[in-house]
Each structure stands twice: as C-alpha cells, then as structure tokens.
Amino acid sequence: MEKINTARGNYTYGKTFDRNNFAWQTFGRDETWGGTDWHQWFLADIPGKAGIQEEPLYVIVSTGANDIWNTDNPQIIAYRNGYMSATMDMNHQVMCLADSANPASTYETAFYAYTNGHKKSDFFRLDTAVPNQPVIDLYFDMKVLFEAAELMESEELVFKDIMDLLSFAADILDLRRIESEAFYKSVKEAREYLKKNRYDHPAGMEVTVHSIGHTHIDVAWKWPLRQTRQKVVRSFQTVLNLMDRYPSYKFMSSQPQLYQFVMEDAPWLFEKIRQKVKEGRWEAEGGMWLEPDCNLSSGESLVRHLIYGTRFFEEELDALPNEVLWLPDVFGYSAALPQIMKQFHMPYFMTTKLGWNDHNQFPNDTFLWRGIDGSQVLTHMITTKNYDKENKKDGRNAFNTTYNGLQNPSQIKGTWQRYQNKEVSRNVLTCYGYGDGGGGPTAQMLEQDERLSRGVPGCPVTKQSFVKDFFHILEQNLNRSKLPVWHGELYLEYHRGTYTSMANNKKNNRKCEFLNQDVEFFSVLAGRLISYPRTELEHCWKLLLLNQFHDILPGSSIADVYEDSDRQYEEIQTVDGELIQKAQNVLLKEQGARIQEENADGIALWNTLSFERTEILELSTQIQGISGQKSADGKWLYLLEKIPPKSMCIIKKQNKKNKEKVMKVIDKDENGHPIHIRTPFYEIELNVKGEFTQIKDITEDRELMKMGERGNRIRVFEDKPMEFDSWNIDPYYEAKSWDWDDTQEFRVTENGPYRACIQIRRQFMDSWMEQKIYFYSHTGRIDFRTKLDWKEHQLLVKAEFPVDILAVRADYEIQFGNVERPTHKNTTWDQAMFEVCAHKWADLAEPGYGTSILNDCRYGYDIHDSIMRLTLLKSGIFPNPNADVGLHEFTYALFPHTGDYREGKVVQEAYRLNCPLYGQAVQADQEYRFSFMEIQEENVIAETLKAAEDGNGVIVRLYEAYGKRGNIHISFADKWNVAQTDLPEKEYKLLQQENGEVILNMRPFEIKTLRLEHI
C-alpha cells in the first residue's frame, strides 16, 4: 500500500475510530517515525480488489523492527471499518480484513501505534496478502518433524526415518508452477502422506508437557503505568482473536490489577474475557492482586494481595476459587509464604525465577516447600528451555529457564531434559507466549502445538491444560516416596541490589504499610462514632499493592515510574492522614477533650502496637504540668511510661523528671569533639571522625566492639555489576571501597534528662551526610537519624559495625517471623548469600549476649565474620540513570542486648522504632485510658486490627514471633464473641472464653486471625 496517512497520537483510543477527529498528513513508505513513549496514528483505505474474490484478505504491517524480545518495539491497536479488530506487534503482524474478499469493497484500516525506541527509526509499511491454508498446514507438518529430527543424533534410526519421510513428502510436491492445480493437488497428497505415515501414529515420549498460553506483563518497568494499561488491552485482544481461530487454545493470566485496567479502559473487551472464562478457555488464576516483590512487602501486604486478588477473580470474572500462587518472575520467595498460602486454601506454588541463580542450580523442580511454621505447599518450577544435544551441566546457562516459551520441539524436549525430578513425575508444565507487549502466544506456536500434541518422535506429548488442572494431575500421579522437601526461604542468588535500589520508594512503602494499618486501628477505635472508611481504605491498599509490583518496589524501573509512584504514595499519605485526624477528633470529643496548641494541659496519645511501651513523644508545644525536654530543633520531648497496648490515653500528670542528663562527656579532643562519653547504658569512645572505637555495655560489663575496629563506619563500595545495574550487586563489589570519613562537624547538640544527641556531618565527593546520634534514658537503643544528599552513581553505601560476638548464624526478620542465615562462607550456598533481605531488624547473638541493627526503611543486610552491615544506598544507572540521586532521610539503630533476640526483646524494639506513638497536645478535663486488648505473652504480636471484610465485626491478626510453641492469653476491654477464622475470613470457629480471656495454642511462627462480634 503506497497511500498511507498519519497523525500524532496521545494515549487516547477507544472501541471505535473516527477519521474525522484527526488532521492527517501523507506518510511515505520509506519514512520513519518513533521516539520515547511515542504514539502515532496511521490510516489507509485498502481496496477489496487487492485480494482474491471470496478468499480471505489480510493486511500485514512491517515496521522494520526485528528483535522479538525487545519490549520497546512498535505495538499497535488496529481498526477495521471503524471498530477495534486486532492488535499487532513484532510477533503478530497480520489482521484479517475479510474472510471472503469483495473486489467492490473498500476496507478502512486505522492503526494506533506505540513505540519506545528513543529515536525516529521505525517504518510503517502495509502489504496485503491472501493466505494459502493448505500450504501453511504442510509447512508446519514438515517443520515440526524436521525440528524434532534436528534434536536427534544422525546415527539414530528414528532420525533417518523422519528424514526419509520428509524427503519423500517433498518429492511428492509438483513445483513446476506454483499456484497451479497440480501444485495444490500435490500439497494435499504430501499432507495425506505425512498424516498416514506419521501423524496418525503417535510416537512421542511417555511424558506429558502440559502447556498453557500466557503473556507475562510487567505492571511497570521500562514503561510507565499508563502504557501498561494499553499493553494489556493489546495483548488480551490478541489472545481473543487467536481463540477464534484455534478452538483448543487455552490461556492463563494472573494479576487482577491488569484485568482491572481492562475493565476500566476497555469494558467491552473485559466482557469477552469473562465469557471465555465461563466457556473454560481462559484461566483466571494466580492468587495475588499482582505479582509483588515477596522479599520487601510486609506480611499484611501479602495477605491483602491475596484477599483482593482472589476476591476479584471470583466476583468480577466468576472464576473458581484460586488454588495456585503464580509468581514466575519475582526476585526471591519469603519462607512465610507457605503458611499464608495454606491459610488461603491455596495448596500449589509455581515459579521459574530460581533458574536465574548465579551460584547454584536449585536441586529440585517438583517438591514440597515448607515454611517457617511447618506449613507445606506442593511446588513446581517451570523448566522450559531449549534442548541441549550435548546436555551441558556446567554454567548458569545450563540451568536457566524461561516463562516465555516458544512451544517448539526444542523447548518441549528441553522442558523434560531440564526437569530434575524425573523419578517423581512424568508430568511437567510449560507456559508459552511473548510477554510485556509481545502479545502472548502466536499462530505459529499454536500450529506447532497441534502437531506436538499428536506425538512426535523423540519429543514429549503436549497437552493444553489449565495450570490448576496440571497441579491436580501432578499431585494425583507423583511418586510421593521420592518427593523432596525444601525447608525455608527460596533465596534467589541474583538481583540482590533490589533490597536497596530506589531507597526513597522503599521508605514510602514501609511508611504506607504501617499508615494503612494505623487508619484501620483508629477507625476500629472510633467505630461507634463514625462509619468505617472501607472504600477509602481499599483504594489506599490497592495503590500500595500496585507499587509493590516486582519491578517498582525493587527499584528496577525507569524514572517515570517513580514519578507516578511518588504521587500515589503522597495520595495514600494524604488520605490516610485525613482519616486518622478525623478519628482522633471524634475520639477526643467523646472524652471532652480537644486539640490545643496553646495552653494545653494534657497529652492525648495512641499506641498502635500490641504491647505496653515506654516511649518519648515529640510535640511542638509545651504542656502545662508535664515535665518535658526541649530538643535542639525546638520541639518538646515527653517520656511517657507504661502506655498500654492498642490504646488511647489522655495524660494530665507525669512522674517528676529525672534531673540527670543522659550523657556525660568524659573527654574531648583538642577541637572540642566528645571522644569519650557515658550514658545510662554504655561507656563509649569515639575517634576524631566520630566513629565508635569502643562501646562498653555497663550492665553486662563487656565490650561490644571488636578491638581495633570502628563502629558506624560508613563505607562506599564501587558497584558496577556485569549486568542488570539497578538489580544486581556482584560478589566482587568489596574489591574497591572508600571510607566516608571527611568529618566537617562533630559536636553535642542536645543533652537532657530523656535524650542526648551528637551531631556529625561528613562529606564524600559531591555528597554530604548529616547524622544525629541519639542516646536515651529509657532504652539502650542508639539511633542514627540520617539525612543524606547523594549525587553520585554506581556506588554502594553501607554502615558497618564490627562486633565482638561469635556466631555462625544470624537472625533476620521476615514477614510474620524470622529466619537464620549463615555468617560464614563454607559452601557455595553460603557464599551466594553475601547480601540478604530483612525487614525491621537483623540480630547476631552468642549465648548470653547479642546485638541488632534496626532500621525504619532499609532492607539490605550482610553479616559475616562478626561484621554487621546495613546497606544504605545503591545508585545504579540502568534503567534509571539517576537512581537514588537526591535527599534521603532515614534512621537505623544499634541495639545491644542480653541473650538472643527473644530475651533482648528485639522484635518489640524494632516495632517501637518504626511505629512512634501518635500524640496531640490537648485541653482535657480528666485523664483517660482505654486498651482495646491485651496479650499476656510477649512472643505474640497483634499487628492488624481492622473491620471484617464482610462488614460484620472486627478482625485481629496475630503471629508468634519467637518460634515458640505454647498457650497464649488474650483479654479484650469490651465483650465480644470471638471466633478463629482463616485469612480470607470465610471459615470460622467460635472460641470458648474463660473469665473473659481467650486462650489459644500457638505453633512456632503461626498466624492466627480472630473475628470479634459484639455480644
């Protein structure tokens, strides 16, 4: 087609197209178009005479792009005679204009095209074609057999048989005049020959590769969310069009968030999907709202992913209850997941990402995965890869697998070759199709699958199966006596930088996770006075879950993605802040109190945590009659003692203030720097740069620091991984480092009865760091409140504490518990864990004594040879060239303690750091104390207090934090009927109460959910 017109696009499209809405210009066949996030329309009127009367007529789009895996390639929504009819990309280049062409007709074709090629380099060429189906069929008949034979050794008899068969079929063809009657007759005869002599005689291996069409769409990555919304519409339209052509084609897609985008932007398409689900052609499975990062997301966030995900599939798509957690591309899998899955009645788990390991091949592909509480789920890892005739065992490429299968003989045979548990099962799984805008399965894949399903020599037999059905077949037929068990986390030996990259985004995530739960806490307390903000909370939770996608939260997306993310986190904080303020106001009003900045005579405070706490509260005003300490920045500090759990209190009096200051300066250097100090807990020596050289624990009469070493040493490492810059930290990063020790300020700025502060400011290249090191009268925690203005690239920043503690394992907090990891590098498995993820704390302890590093928004740790390090910044340059450049504010803490993390109450101290008291200066007539609940045992944490999903009652979610079995005792301020329920809050069992107490037996690291309803 020579006559094509064009107009600029702008993210606007619909079900229909009207050419009169655009100003068109001529576009030549050799012209180019494109750019960053570029949208353009193309228009052509194609005459029916371009085809053959009463034969199908197709239009082919060519853009010149030839990299099938390039997610920035042109992607197109195509319209025929004013209606959306097809979607096109590198792998899907044709659109049917007519099943029976009419030479008198003209077909208006319009194309809404997107590219992200960063320069004007794409063509847009249209050609018409008339497909010859018998020839196409013969092509695939021969292609599949030929490719299967190529995988064999030439000495094999079956190889010779196939080649002879193909040679004879080729000889049948009459090629004197293509398109002659004799040619078409010979094509038919060649097909009949192959059918009679091969395809009617199944000869495949006694192995079934269950196959499901799929397109893995990253919710954001090298493109922003607004483009994802269009990628999913294009991909799903392609799937539906191919389903019309191939009746046996089955497709599966996870991530309800993507369906939600389709429901909002293309409701007509969503209805077609719903119909395919009903017909049993389309599988809506996978469990979670989207495929989140499972290292960084909190336990409660993972629960909400499953609550909202399973609910959407069942309510919006009429899907059966989900049974499979589908996470093919996530960067590691928390050991808390099996229990969460079991409590959602989800017995099966699928991934393939551990095939990306850089040190060790994961030893199993079908196994029972056991979590920290003992829960087990049947796990299968997709093993799709090309067949290797040499069957190489060494090197990462030997075991690397994909979730973007091609459904050809090489990958079907390779799926079985790569499978390590052949003694367990002869049923394996592959998913095939291009992802991230590549449109999913292609006609070629489906044609090949049709032949492979009939049994091809040397290859397993394929079968179109839903993922859930595959797991049922796997479970029913596997050899249980040979089924291995893997205990603990599924640690990905790769992408270790994702614990740290884009640190401010991770800070927003941590703060908003707690903030959403705080709104729920306040809303339950105020439940008698205001309606529960269910709609607002669901919106805020879903925004949070969206930003936990496994390329957003890990820090591996382009800058545009984080601009969107920042706006969304700001929205969460604004909405949540308003909801909390509203609840506080009505609660105070009920007690006859009101917020008062001037002449306040009391403090209203709320403890969102489930244990009693003594804590400093910072307010901007002085309270009459309550002793306080004025801080260096002009705020007032109040030490509030024994605040009850899950409570609201109004305080009008306080114990007298201790007149002794927290810190005693024993010695200064010649510049007046405090180099020797004493606090209620420690005697500390510092060098002239403000680094700790000695920390003597006064209570335990022992030295914490290794002799001759420096604590709070800020080290900067060269960080230039071989690939995946924002994702990876490579083992050699320690080869080159510098100390951030150009100290420009080092002085005492605050010293009162509750808190003392040493302030240090350091310069490194063009970046600066200011730390306020806080010491307290009520806790041995040492806080490092840090402000950091970073301007560098490809440098990794860590805070280091070499401690005199000998232990071969360290404890790291994960969701709903903790795990042990090695502190040595004895084996390759130990060596691979040179950087690991933890939530609020990591602890190193020997019998009788230990210390923790706590944090309020950092996740990357390494603890080896008694050196404890917290990773503060990563600053990669791809895909975001300015990742982590800018201002960062965060706090980490050193917390020495008696015993291990249990005896030292590390769990509670980490919560205190992350969840400060809420407080207001008020005028009040009287004091008030209300505690919603109390748990007698310290090892059980009630993190979640919210309204039930169905609106009936209140939900309390508990977990056992010490790995300790036993009974626990819970009492409530009000009278409730208490039932134990599951995580989706659907099944429940009424519990007996004794003297107003609920007694529960808790297993190690067990999660329990209680439903409370008023008596």
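The questions and answers below look at charged and aromatic side chains in a predicted model. Local features need pLDDT of at least 70 and side-chain atom pairs count only at pLDDT 80 or more, while totals for chains, interfaces and linings use all residues. Residues are numbered from 1 along each chain as its sequence is written, and side-chain values use heavy atoms, with hydrogens and water left out.

Q: How many salt bridges does the count come to?
A: Side chains of opposite charge can pair when their charged atoms come close. A salt bridge here is a side-chain nitrogen of Lys or Arg within 4 Å of a carboxyl oxygen of Asp or Glu. By this rule, the count comes to 75 salt bridges.

Q: How many residues apart in sequence are the parts that arginine 19 and aspartate 45 tie together?
A: The side chains of arginine 19 and aspartate 45 meet in a salt bridge, with 3.1 Å from N to O. Arginine 19 lies in the loop between β1 (4-8) and β2 (25-27), and aspartate 45 in strand β3 (residues 38-47), where strands (E, at least two residues) and helices (H or I, at least four) are DSSP runs numbered from the N terminus. The pair therefore ties together parts whose separation in sequence is 26 residues.

Q: Is aspartate 856, the salt-bridge partner of lysine 511, buried or exposed?
A: Lysine 511 and aspartate 856 meet through their side chains in a salt bridge of 3.4 Å, N to O. Buried means under 20% relative accessible area, exposed over 50% and partly exposed in between, with a 1.4 Å probe and protein chains only. Lysine 511, at 29%, is partly exposed, whereas aspartate 856, with a relative accessible area of 9%, is buried.

Q: Which kind of ring pair do phenylalanine 932 and phenylalanine 972 form?
A: Rings of Phe, Tyr and Trp (its six-membered ring) pair if their centres lie within 6.5 Å, and planes under 30 degrees apart count as stacked, over 60 as edge-to-face and the rest as tilted. The rings of phenylalanine 932 and phenylalanine 972 have their centres 6.2 Å apart and their planes at 80°, so the pair is edge-to-face.

Q: Over the ring of which residue does the charged end of arginine 8 sit?
A: A charge sits over a ring if NZ of Lys or CZ of Arg is within 6 Å of the ring centre and within 35 degrees of the ring normal. The charged end of arginine 8 is 3.4 Å from the centre of the ring concerned, which belongs to tryptophan 38.
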